[in-house]
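Trainee: Before I use these labels at the bench, I want to know what stands behind them. Can we go through them one by one?

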Amino acid sequence: MTLSPPPVVKAARALGIEMIFQPKLIKDPGSLTRIIAIEADLLVTVAYGQLLPKALLHHPSIAAINLHASLLPRYRGAAPLQRVLMAGENETGVSIIHMVPRMDAGDIIASQAFPVDEAMDYGTLHDLTSKMGASLLLEVITAIENGVSMRIRQDEAIASYASRLQAEDCIISWSDSAQAIHNRIRALSPLPGAETQLRGKRLKVLRSRVVESLYEDLPGSLLENTSEGPCFVTGSDALLLLEVQPEGRKRVSAVSWFNGIRDSNLVLGR
């Protein structure tokens, strides 16, 4: 429960940069005055959760730019990585744009795409986009410095939004297809975790795999126990659980978890 500085602050201090300012509200007049006094050439935001006021967007002498973790104009908004995985997309990427008063709607300077593997979860996708975005950002800053950066207007006809995660987004509905549930699990792993109920307690499912099945029974009921873990009925096909986290415990393999239960009549979600 001890506050610690974020990585950017640690890096700045290691480089001897003493001017570090972390305002709680960017629109606060005192915060704006202090930032504008810097007389910056370039302003850069990455995963910043507040809209910048016009006074700040127009302040840098060169540009105000933003690194966003999607292929804009698709998946604008607060949770692009999670929504990309929930939708089962097979491609995503990073984009760098000129900032405007509308969320993630400015002209595109550069973007880079990459495939989304079926095994990727939020954690692996976050790390990949972080590294790729940092590399692309350095290229863009160099291009801006050399006066060779591009501006491509976003196509509003194909724009979509990645809304902020809500509590209900974390709940597994076993009547959904196995693929839809699997995508939700990937999108929320390792945090905050897709969850279901077992005997009145929360069970987070952190890793899974879709299994083809024509078996029809109550969604959430145990289909079979395999050497890899228990397999459960869904709205279509079945879902093999590989890693779980019971309430109040650490994450464990689904095999270990189920061995401690040994209930052939197990039904999740109730």
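Mentor: Start with the second largest pocket. This is a predicted model, and in it that pocket has a volume of about 210 Å³.

Trainee: Which residues are closest to the centre of the second largest pocket?

Mentor: Glu-118, Ala-119, His-182, Arg-207 and Ser-208 are the closest, out of 14 that line it. Two elements give two or more residues to that lining: α6 (178-187) and β6 (201-211). The largest share comes from β6, with 5 residues.

Trainee: What makes a residue part of the lining?

Mentor: Distance decides. A lining residue has an atom within 4 Å of a pocket point. The points come from a probe search. Rolling a probe the size of a water molecule over the atoms shows where empty space is left.

Trainee: Now Gln-82. Why is Gln-82 called buried?

Mentor: Gln-82 has 12% relative accessibility. Buried means under 20%. The value falls under the cut-off, so Gln-82 counts as buried.

Trainee: Where is Gln-82 found, and what does Gln-82 touch?

Mentor: Gln-82 is in helix α4, residues 80-86. Leaving out residues up to four places away in sequence, Gln-82 touches Tyr-122, Leu-165 and Ala-187. To touch here means heavy atoms within 4.5 Å.

Trainee: Lys-27 next. Why is Lys-27 called exposed?

Mentor: The relative accessible area of Lys-27 is 56%. Exposed means over 50%. Lys-27 is therefore exposed. Its place is the loop between α1 (7-14) and α2 (29-36).

Trainee: What does Lys-27 touch?

Mentor: Lys-27 touches Leu-32, Leu-51 and Pro-53, again not counting residues up to four places away in sequence. Lys-27 and Leu-203 are 40 Å apart in space, C-alpha to C-alpha, and 176 residues apart in sequence.

Trainee: What is notable about the phi of Ala-47?

Mentor: Phi of Ala-47 is near 50 degrees, a positive value, and Ala-47 is not a glycine. Most residues other than glycine have a negative phi, and most peptide bonds are trans. Asp-104 also has a positive phi, about 55 degrees, although it is not a glycine.

Trainee: Are these two buried or exposed?

Mentor: Ala-47 has 76% relative accessibility, over the 50% cut-off, so Ala-47 counts as exposed. Asp-104 has a relative accessible area of 13%, under 20%, so Asp-104 is buried. Ala-47 sits in the loop between β1 (42-46) and α3 (54-57). Asp-104 lies in the loop between β3 (91-98) and β4 (108-115).

Trainee: Which peptide bonds are cis?

Mentor: One runs from Leu-72 to Pro-73, with omega near 15 degrees. Another runs from Ser-189 to Pro-190, with omega near 10 degrees. Pro-73 is in the loop between β2 (63-68) and α4. Pro-190 is in the loop between α6 and β5 (194-198).

Trainee: Last, the whole protein. How many helices and strands are there, and what share is buried?

Mentor: There are 7 helices and 10 strands. Buried residues make up 42% of the 270.

Trainee: How many side chains count as positive and how many as negative?

Mentor: The protein has 27 positive and 29 negative side chains. The centres of the two sets lie 7 Å apart. Histidine is in neither set, because only Lys and Arg count as positive and only Asp and Glu as negative.

Conventions. Residues numbered from 1 in each chain as written. Predicted model: local features only at pLDDT ≥ 70, side-chain atom pairs only at ≥ 80, totals over all residues. Heavy atoms only, no water. Helix = DSSP H or I, 4+ residues; strand = E, 2+ residues; numbered from the N terminus. Buried < 20%, exposed > 50% of the residue type's maximum accessible area, 1.4 Å probe, protein only. Charge placed at Lys NZ, Arg CZ, Asp CG, Glu CD. 1 Å grid on protein atoms, 1.4 Å probe; cavity = no way out; pocket = protein on both sides within 12 Å on 5 of 7 lines; lining within 4 Å. Points joined across faces, edges and corners; volume = space filled by probe spheres on them.
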